[in-house]
Amino acid sequence: MSKITVSTLQKMKQAGDKITALTAYDASFAKLFADNGVDIVLVGDSLGMVLQGGDDTLAVTTKDIAYHTHCVRAGSKALFVVADMPFMSYANPTQACENAAELMRAGANMVKLEGGEWLYDSIKLLTQQGIPVCGHLGLTPQSVHVFGGFKIQGRESDKAQKMIADARALQDAGAQLLVLECIPSALAKQISEAVTIPVIGIGAGKETDGQILVMHDLVGISAGYIPKFSKNFLAETGNMVDAVKKYCNDVKSGAFPGPEHEFN
């Protein structure tokens, strides 16, 4: 595959070509994904749940993410690798730059931060220092205790409008990618149209510029339960390679996500 950059992703949005993304945590799966149509891999703090067995993502450290980012990069030089900034690793702009630098040195192309307008100064400083940023709005897992659990966000009108404003603020600060998690499909469509940067959805309907899933959900082996917005592609195909190919094809064609995976 050709090397994917932020320019590649921007051109895909402009052309209406859906972007495919999965989480990855090691070299083997990174190579599998690169060879079978995945555009972006996220080294997610989801590893705290799917690899470490935690109830949430809060115990994950920057060193954890850096280690797995290094492993993922070893599996593919072409994939666009986004690394999560873990809980409390970006409480202020200076701290954000120090921790983001560690992840970029480990092989990331971009770092992802959860939160809205309050991140403006941190994102501006990160991009000034040459570190590309992905924003994350909606259900932000690092705030799970504030939300009172893993709940759908943005259903109330005032909160929906705030999320649209936050998306614009993140873009204005310099973010070049945005993830929307567990929000109503209509709101995700509004946000995708309100910003010029690519928007990747997870539990946000089919009107975003692309989709991402946790790889363990894709193959039905997540501990606990499979979220409503996910689908077990391995059960349909019978092997990993075909499962990844079908996921990518279904995202590109608009077959996934279907109405059963969306929130109203």
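Buried, in what follows, means under 20% relative accessible area, and exposed means over 50%. I need that for the helix I will spend most time on. The model is predicted.

First, the overall picture. The protein chain has 12 helices and eight strands. Its C-alpha atoms fill a box of roughly 45 × 40 × 40 Å along the principal axes. The radius of gyration is 17 Å, which agrees with the value near 18 Å that a compact globule of 264 residues would have. Of those 264 residues, 56% count as buried. Among contacts with a separation of 6 or more, 63% are between residues 24 or more positions apart. The accessible surface comes to about 10,900 Å², and carbon and sulfur atoms make up 52% of that. On charges, there are 23 positive and 28 negative, and their mean positions lie 5 Å apart.

Now to helix α6, residues 120-128. Which of its residues are buried? They are Ser122, Ile123 and Leu126. These three cover an arc of only 95° around the axis, so they sit on the same side of α6. The general background is that an α-helix has 3.6 residues a turn, so residues three or four places apart point the same way. On the other side of α6, Asp121 and Gln128 are exposed. What do the buried residues pack against? Their partners are two helices, α5 (93-105) and α8 (157-173), and two strands, β4 (110-114) and β5 (133-138). After α6 comes Gly130, with a positive phi near 90°.

One of the packing partners, α5, also contains Arg105. Arg105 has a relative accessibility of 68%, which is over the 50% cut-off, so it counts as exposed. Its C-alpha atom is 8.3 Å from that of Ala66, and the two residues are 39 apart along the chain.

Next, backbone geometry. Two residues that are not glycine have a positive phi: Met88, at about 60°, and Cys182, at about 50°. Met88 is in the loop between β3 (80-84) and α5, while Cys182 is in the loop between β6 (177-181) and α9 (185-194). Are they buried or exposed? Met88 is exposed, because its relative accessible area is 52%. Cys182 is buried, because its relative accessibility is 5%.

Last item: the peptide bond between Phe256 and Pro257 is cis, with omega about 0°. Pro257 belongs to the segment after α12 (240-253).

Technical notes
Residues numbered from 1 in each chain as written. Predicted model: local features only at pLDDT ≥ 70, side-chain atom pairs only at ≥ 80, totals over all residues. Heavy atoms only, no water. Helix = DSSP H or I, 4+ residues; strand = E, 2+ residues; numbered from the N terminus. Rg over C-alpha atoms; globule rule 2.2 N^0.38 Å. Buried < 20%, exposed > 50% of the residue type's maximum accessible area, 1.4 Å probe, protein only. Contact = heavy atoms within 4.5 Å. Areas by Shrake-Rupley, 256 points an atom, 1.4 Å probe, with all protein chains shown as cover. Lys, Arg positive; Asp, Glu negative; His and termini not counted. Charge placed at Lys NZ, Arg CZ, Asp CG, Glu CD. Arc of directions from axis to C-beta.
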